[in-house]
Amino acid sequence: MAVTARAAAVPARILGSVYAGNARAVLGRGITATRSSNWLVVLSGFLEPVFYLLSLGLGLGSVIGTIDTGGGAQLSYAAYIAPALLAVSAMNGAIMDSTWNVFFKMHFSKLYEGMVATSLGPFDVALGEILLALLRGAMYAVGFMVIMQALGLNLAWTALLALPAVVLVAAGFASVGMAITSFMKTFQQMDWVQFFLLPMFLFSATFYPVTVYPVPIQWLVQALPLYHGVELVRGLTTGVLSPAMLLHVLYYLAMVAVGMVFTTRRLKALFLS
């Protein structure tokens, strides 16, 4: 009996070393800090895809006309790029919080070091910060969705499902973003985040179909995270649904799982070893 009790206590000790069940404290602290000092930064991140929609979707779209989605459906250019920019909006919000904000808290304010010195574990910190980034991405997406509705760019009732879809997109980017940032040590290294995001934004079927590329380039684009978010959200807002959308969902669920595991392990190694 004593051996059994000791064996059962081992998983509890392991879990207790990384998770105290209080990620809400990390989330609450982040919301309070954002309210008091960062709301202008939050607003600027939201407006960027809105400007792209107005300038390209409505401006350039009047010259381009309609786009063939590949399934026989013809969409206005604005209706084609709007869901892509909705996914981009969720990505921007999640990445901003899970990279630059996390980098500052980790290396300058030493916030996480202080957190794990309390009853909080690295999984509490990881989960709380990822939820904060997810919240920001969801706020961006809801605001952008309202603009799309006002412009008549939500073409099907399934557009309602785009909201949980963009939350999933935000969760995927937040999880992986924080995991990658945990390895960054200098501002120069952080520049690589934007270096990767910009081409992904431009080439992930955001502004034109992926079929314009040669087949090998199509495979490369289809491996990018944003491509799956764009295709998932575009299918929901336009009503052009396909079984491939399930693969997009699984892609992001895998991103969340991998990001959470790596972030927790990294924070544990940094602050508890």
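**A helical chain and its side-chain pairs**

Phenylalanine 207 is buried (under 20% relative accessible area, 1.4 Å probe, protein chains only; exposed is over 50%, partly exposed in between), with a relative accessible area of 10%. The model is predicted, so local features need pLDDT of at least 70 and side-chain atom pairs pLDDT 80 or more, while totals for chains, interfaces and linings use all residues. Residues are numbered from 1 along each chain as its sequence is written, and side-chain values use heavy atoms, without hydrogens or water.

Start with the whole chain. It has 273 residues, and 46% of them are buried. It holds 11 helices and two strands (DSSP runs numbered from the N terminus: H or I of at least four residues for helices, E of at least two for strands). Read from the N terminus, the order is α-α-α-β-β-α-α-α-α-α-α-α-α. Contacts (heavy atoms within 4.5 Å) often span long stretches of sequence. Of those with a separation of 6 or more, 80% join residues 24 or more positions apart.

Now return to phenylalanine 207. What is its place among the aromatic pairs? The structure has 14 aromatic pairs (Phe, Tyr or six-membered Trp rings with centres within 6.5 Å; stacked under 30 degrees, edge-to-face over 60, tilted for the rest). In one of them, phenylalanine 207 meets tyrosine 52. The ring centres lie 6.1 Å apart, the planes make 45 degrees, and the pair is tilted. Tyrosine 52 belongs to helix α3 (residues 39-64), and phenylalanine 207 to the loop between α8 (187-203) and α9 (215-222), so the pair links parts 155 residues apart in sequence. Tyrosine 52 is partly exposed, at 29% relative accessibility. Elsewhere, five rings form one aromatic cluster: Trp100, Phe103, Phe104, Phe108 and Phe187.

Some rings also meet a charge (NZ of Lys or CZ of Arg within 6 Å of the ring centre and within 35 degrees of the ring normal). Arginine 266 places its charged end over phenylalanine 183, 4.4 Å from the ring centre. Arginine 234 lies over the face of tyrosine 80, at 3.7 Å from the centre.

Arginine 234 has another partner. It forms a salt bridge with glutamate 231, with the closest N and O atoms 3.4 Å apart (the rule: a side-chain nitrogen of Lys or Arg within 4 Å of a carboxyl oxygen of Asp or Glu). Both residues sit in helix α10 (residues 225-238), three residues apart, about one turn of the helix. Arginine 234 is buried at 5% relative accessibility. Glutamate 231 is partly exposed at 25%.

How many salt bridges does the whole structure have? There are two. One joins glutamate 129 to lysine 105, at 3.1 Å from N to O. Glutamate 129 is in helix α6 and lysine 105 in helix α4 (residues 77-107), so this bridge ties together parts 24 residues apart in sequence. Both of these residues are buried.

Helix α6 (residues 122-150) also holds aspartate 124. Aspartate 124 is buried but has no salt bridge. The nearest side chain of opposite charge (Lys and Arg positive, Asp and Glu negative; His and chain ends not counted) belongs to arginine 24, 7.5 Å away. What does the side chain of aspartate 124 reach instead? It comes to 3.1 Å from the backbone nitrogen of glycine 21. Beyond its neighbours within four places in sequence, aspartate 124 contacts Val18, Tyr19, Ala20, Gly21, Asn22, Ala23 and Val26.

Note on methods. A polar contact is a pair of N or O atoms within 3.5 Å; within protein, one must be able to donate a hydrogen and the other to accept it, and residues adjacent in sequence count only if both atoms are side-chain atoms.
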